[in-house]
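Below are my comments on the model, set out as numbered points for a reader who works at the bench. Please read them with the sequence and the structure side by side.

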Amino acid sequence: MALSLSSSVASITSFSAYWSSYSSSTLCLNRVTRRLIWIISTKKQKQQQLLKGCKRMATSALNQERSTAPYGSWKSPITADVVAGASKRLGGTALDSHGRLIWLESRPAEAGRAVLVKEAEKLGEEPVDITPKDFAVRTVAQEYGGGAFRVSGDTVIFSNYKDQRLYQQFIDSKDSSPKPLTPDYGGPVVSYADGVFDPRFNRFVTVRENRRQSSTNATTEIVTVRLASDEIQEPEVLVGGNDFYAFPRLDPKGGRIAWIEWSHPNMPWDKTELWVGYISDNGEIYKRICIAGSDPTVVESPTEPKWSSSGELYFITDRKSGFWNLHKWVEYDNKVVSVYSLDAEFSRPLWVFGINSYEFIKSHEGKSLIACCYRKKGRSYLGILDDVQGTISLLDIPFTDIDNITSTECYLYVEGASATHPSSVAKVTLDEPKSKAVEFKIIWSSSPDCLKYKSYFSLPEFIEFPTEVPGQTAYAYFYPPSNPDYQAGQEEKPPLLLRSHGGPTAETRALLNLNIQYWTSRGWAVVDVNYGGSTGYGREYRDRLLGTWGIVDVNDCCSCAKFLVDTGKVDGERLCITGGSAGGYTTLAALAFRNPFKAGASLYGVADLNLLRAETHKFESHYIDNLVGSEKDYFERSPMNFVDKFSCPIILFQGLEDKVVPPDQARKIYQALKEKGLPVALVEYEGEQHGFRKAENIKFTLEQQMVFFARLVGHFKVADEITPIRIDNVD
């Protein structure tokens, strides 16, 4: 830097003398300008050469310090224990009467138990558990749950996992023992979700799923639960008759209620209806109006209705543009108007209850505004929307992935993450006009200690790759191998693990996932694919999978792997694929019907589409009819029916209490592959459902995938001490 500075001073001195000799003549201006440009250009070239030289020296020094070892064999401090311990999940946020944050977290170290936790009162103090040790806050409504609790003042109402009953608990009371509100039916056969307080009638309005008559064809209704009664009473039905309900939301005066409903064969992202009911003095609905979704000429799926403080009804729908955008109902002439239009998604698919993508706030001057988040081309944005002006001010915060928002007068509590932030809750302080973020502070983190591994993190590259359809592209996140202690030989390319997300109507996101970093820090490349049919890119992209599940997703995953091989990023002879649930189906289908992958891992994946249709729960019982098509398609796209086409090793992981994809699926494909003579292994977990929540099972699954691929595809020895399970037809 000293040499560069000296040369700059010399250049300036030279130019000053040059200028003085010509200052008496304006005709020399062009010559002066050319001289100035030459000096600046020369200086810039010297600086660039100096920087390149420094970079070469730094790279050379770094490479000299690194050990050379094959990709996949690198040692990493991001162990399976670290990954399993960092797998806390967030189940929602709320605020108590003092403005303190309350959140729901599930803990792998406690077998996945979900606990309500209150923010510490003073700086330096620890957060306080609200949920007693013999309770767990979780609902299994629609199997995937969500919306398991609601807070009003110092009262919380929650669903208890063991018996699925609703309980009331006073947060600040000395006697904070939960009190049951709903009947005991002798087992967890009735579930509740997505409830709200109704102060007008001192009751709780909630969605109820009743499985007493049938576990596969439950009755779903909106019911009311009395809060003042000393005796537990049967909830009363407020709205019923359709297949599914969500988002019961009362206006500020309790005179109107909005809700979302839909019927088979639709899923809530295909076609739903938004209704408003008018409530009489005895608490019943005496009149109802369909606000959106009933017009057969308009394809839309309204979601997230919410009343403003002035009693206006807002909601999100994807009418016309195909993107979930904010709209408003004008009651006096029963019209729906757009609040803000953008080719971006302001909501996400309703797999779980309790989604909250926007909040009403007020500026210092009392101006009504909307805090909202949206996704566009693989990234989330947080903004403040002025719907009167039709403008949105984006807030500059570190999160690039955002889920839910909770608000107070001066703060936003934002659930989010980024490539260097794990799933977290941040307190975002706004300025008085509510147009800028002036402070960003992490309140809760799924993995507070993970940043000490930051030097090992692989940062994702958003890639757009060509599909098999001419002119069409799909999207993915590519994570290259990354470890400051190791490098591979110059001629070697890394093995690839391709991840196929579940759903399939879902989206993988570029957030810090230690599961991925476990692989990349050991020398693997990882790619997370958002195949056609994924969410986050609008209805047209989402609808690519209609009638083509098992084709479009498989083709896109294969195209992505080919793209990475063709661009020289990965080794084409060491391609592996993994996925859970629907992603497990894509994995099995890719291995059965295509041949780029050399091995695969299916986590609670689907092997037989007909069996899935016959055995799955009500919420998804008609889902795959839209995704597959005819009986012939069901047969021809089921990997189970074409075992003879499998040609590479497969490892399967399955929870024995899974009601979405029953264990028979994994057992049948395992037995068939074993009889064919292919290398295959099956791991079954007691007490696990659809997705693994226990730390020991998360750890075991990760380690066994790694060593399975290393033994059969990678041609390297893993650095970790892992005892491999027995592989049939190998050991």
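**Notes on the predicted model**

1. In this predicted model, four strands make up an open sheet in the order β26-β27-β28-β29, and their pairing is antiparallel. The edges are taken by β26 (401-407) and β29 (437-445), each of which pairs on one side only. On average, and with direction ignored, neighbouring strands of this sheet are turned by 25° against each other. Within the sheet, strand β28 (residues 424-430) is joined to β29 by seven bridges in the antiparallel sense, and L430 stands opposite A437 of β29. For readers who wish to trace such pairs by eye, strands of a sheet pair through backbone hydrogen bonds, either parallel or antiparallel.

2. A further open sheet has four strands in the order β6-β7-β8-β9, again with antiparallel pairing. Its edges are β6 (149-152) and β9 (179-180), and because each has a single partner strand, one side of each is left without a neighbour in the sheet. Strand β7 (residues 155-159) and strand β8 (residues 166-170) are connected by five bridges in the antiparallel sense, with T155 placed opposite F170 of β8.

3. The loop between β5 (128-129) and β6 contains E143, a residue whose surroundings bring together distant parts of the sequence: E143 and Q689 are 546 residues apart in sequence, yet their C-alpha atoms are 9.8 Å apart in space. When residues up to four places away in sequence are not counted, E143 touches H617, K659 and V660.

4. T220, which is found in strand β12 (residues 219-226), has a relative accessible area of 3% and is therefore buried. Leaving aside residues up to four places away in sequence, T220 touches V207, R208, E209, N242, D243, F244, Y245 and K618.

5. Strand β30 (residues 461-466) runs antiparallel to strand β31 (residues 473-479), and six bridges join the two. E461 stands opposite F478 of β31. Together β30 and β31 form a hairpin with six residues between them, and in the turn G471 has a positive phi of about 80°.

6. The UniProt record, in an unreviewed entry, lists residues 514-714 as "domain: Peptidase S9 prolyl oligopeptidase catalytic", and I would keep in mind that such annotations may be inferred rather than shown by experiment. In the model, the span 514-714 is 45% helix and 14% strand, and its end C-alpha atoms lie 21 Å apart.

7. Helix α6 (residues 552-566) has 15 residues and reaches 20 Å from its first C-alpha to its last, which is close to the 21 Å expected at 1.5 Å a residue. The helix is mostly covered, with 11 of its 15 residues buried, among them V552, D553, V554, A561 and L564. These buried residues of α6 pack against β30, β31, β33 (496-500), β34 (525-530), β35 (575-580) and α7 (582-593). Just after α6, G568 adopts a positive phi of about 75°.

8. Where does the cysteine chemistry stand, and how many disulfides does the structure hold? The structure holds zero disulfides, and two cysteines illustrate the point. The sulfur of C557 is 6.9 Å from the closest cysteine sulfur, that of C558, which is too far for a bond, given that a disulfide requires two cysteine sulfur atoms within 2.5 Å. C557 is also buried, its relative accessible area being 0%. For C373 the closest cysteine sulfur belongs to C372 and lies 7.2 Å away, so this pair too is too far apart for a bond; with 5% relative accessibility, C373 counts as buried.

9. Why does the length of helix α12 (residues 695-714) agree with what is expected? At 1.5 Å a residue its 20 residues should span 28 Å, and the end C-alpha atoms are 26 Å apart, which agrees. Because 15 of the 20 residues of α12 are buried, the helix is largely enclosed by the rest of the structure. H715, which follows α12, has a positive phi near 60°.

Notes
Residues are numbered from 1 along each chain as its sequence is written. This is a predicted model: local features need pLDDT of at least 70, side-chain atom pairs count only at pLDDT 80 or more; totals for chains, interfaces and linings use all residues. Side-chain values use heavy atoms; hydrogens and water are left out. The expected span of a helix is 1.5 Å times one less than its number of residues. Buried means under 20% relative accessible area, exposed over 50%, partly exposed in between (1.4 Å probe, protein chains only). Two strands pair if DSSP finds at least two bridges between them. Axes are lines fitted to C-alpha atoms, for helices over the stretch in contact, and angles run from 0 to 180 degrees between N-to-C directions. Contact means heavy atoms within 4.5 Å.
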